[in-house]
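I opened this notebook to record what I looked up in one protein model. The entries follow the order in which I worked.

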Amino acid sequence: MTMNFEEGFLKDAIKRFQSYKELGDKTFVQLDDEDFFYQPSSESNSIAIIIQHLYGNMLSRFTNFLTEDGEKPWRNRDAEFESVNISKEDLLSFWNDGWNCVFGALHVLHPGDLTKTVYIRTEPMSAYDAILRQLAHYPYHIGQIVYAGKMIKDKAWKTLSIPKGQSNQFNEKMVQRKS
């Protein structure tokens, strides 16, 4: 059975979202509670604020994905960027609840749904494009989370990708795996 483009897109989109979630998860396990609230400057967002923003965005965009505007009237986007005193456990709960909403919406989509029109702030777009939009938005913020984690942990940071200076060894392992 061959997979058509739409089926492949949905499968690949879910795989990519999962890989970005994993980067966040692997960063969070390296951080202490207070690390979530570190801000290098007054104009910077802490990891906690980024999580709050992603949570609000994920719930708004993926709740009733095909039937309601992705900018829900109950969302308070501005509040997502305010510092609040909550625990690491609460932040991780927001993180996981947001992702559960994303994956729940994606797993019930059918290939034919990708060409349906959805709306974000009344702007029409294909469901396919709305998913691509989030595949650009979430990694943008997750990159910020990883970068902040690296700054905070400095030499104690455990790399999430190929360690510096070890690209050749990594490539050799990949070639050996295929053999």
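**Entry 1. Terms and starting point.** I first noted that a helix here is a DSSP run of H or I with at least four residues, and that helices are numbered from the N terminus. With that term fixed, I located Phe170 in helix 5, which covers residues 167-178. I also recorded that the model is predicted.

**Entry 2. The chain as a whole.** I looked up the secondary structure and found five helices and two strands in the protein chain. Along the sequence, I read the pattern as α-α-α-β-β-α-α. The C-alpha trace spans about 50 × 50 × 25 Å along its principal axes. Of the 179 residues in the chain, 38% are buried. I then turned to contacts with a separation of 6 or more, and 73% of them join residues 24 or more positions apart.

**Entry 3. Helix 1 against helix 4.** Before looking at pairs of helices, I noted how such a pair is described: by the angle between the two axes and the distance between them. I began with helix 1, residues 5-28, and helix 4, residues 127-153. Their packing angle is about 15 degrees, and their axes are 9 Å apart. An angle under 35 degrees counts as roughly parallel, so helix 1 is roughly parallel to helix 4. I recorded the crossing of this pair as left-handed.

I next asked which residues of helix 1 and helix 4 meet. On the helix 1 side I found, among them, Phe5, Phe9, Leu10, Ala13, Phe17 and Tyr20. On the helix 4 side, the residues include Tyr128, Ile131, Leu132, Tyr138, Ile142 and Ile145. By class, this contact of helix 1 with helix 4 has 17 nonpolar, four polar and two charged residues.

**Entry 4. Helix 1 against helix 3.** I then compared helix 1 with helix 3, residues 88-107. These two pack at an angle of about 175 degrees, with their axes 11 Å apart. Angles over 145 degrees count as roughly antiparallel, so helix 1 is roughly antiparallel to helix 3. The contact is made by Ile14, Phe17, Gln18, Lys21, Gly24, Asp25 and Phe28 of helix 1, together with residues of helix 3 including Leu92, Trp95, Trp99 and Phe103. I sorted the residues of this contact into nine nonpolar, four polar and three charged.

**Entry 5. Helix 3 against helix 4.** At what angle do helix 3 and helix 4 pack? I found about 160 degrees, with the axes 14 Å apart. Helix 3 and helix 4 are therefore roughly antiparallel to each other. Their crossing is left-handed. Trp95, Trp99, Val102 and Leu106 of helix 3 make the contact with Ile131, Tyr138, Ile142 and Ile145 of helix 4. By class, the residues of this contact are eight nonpolar, no polar and no charged.

**Entry 6. His137.** I stayed with helix 4, where His137 is placed. Its side chain forms a polar contact of 3.1 Å with the side chain of His141. Apart from neighbours within four places in sequence, His137 is in contact with His53 and Asn57.

**Entry 7. Two loop residues with positive phi.** Asn64 is not a glycine, yet I found its phi to be positive, about 50 degrees. This residue lies in the loop between helix 2 (47-62) and helix 3. Is Asp154, in the loop between helix 4 and helix 5, buried or exposed? I recorded Asp154 as exposed, with a relative accessible area of 54%. Asn64, at 39% relative accessibility, counts as partly exposed. The phi of Asp154 is also a positive value in a residue other than glycine, near 50 degrees.

**Entry 8. Helix 5.** I closed by returning to helix 5, which holds Phe170 and Arg177. Phe170 has a relative accessible area of 36% and is partly exposed. Arg177 has a relative accessible area of 69% and is exposed. I then looked up two C-alpha separations. Phe170 and Lys15, which are 155 residues apart along the chain, have C-alpha atoms separated by 22 Å. For Arg177 and Leu23, 154 residues apart along the chain, the C-alpha separation is 23 Å.

Methods. Residues numbered from 1 in each chain as written. Predicted model: local features only at pLDDT ≥ 70, side-chain atom pairs only at ≥ 80, totals over all residues. Heavy atoms only, no water. Axes fitted to C-alpha atoms, helices over the stretch in contact; angles between N-to-C directions. Parallel < 35°, antiparallel > 145°, perpendicular 65-115°, else oblique. Left-handed = near helix turned anticlockwise from the far one by under 90°. Contact = heavy atoms within 4.5 Å. Nonpolar A, V, L, I, M, F, W, Y, C, P; charged D, E, K, R; others polar. Polar contact = N/O pair within 3.5 Å; in protein donor to acceptor, adjacent residues only side chain to side chain. Buried < 20%, exposed > 50% of the residue type's maximum accessible area, 1.4 Å probe, protein only.
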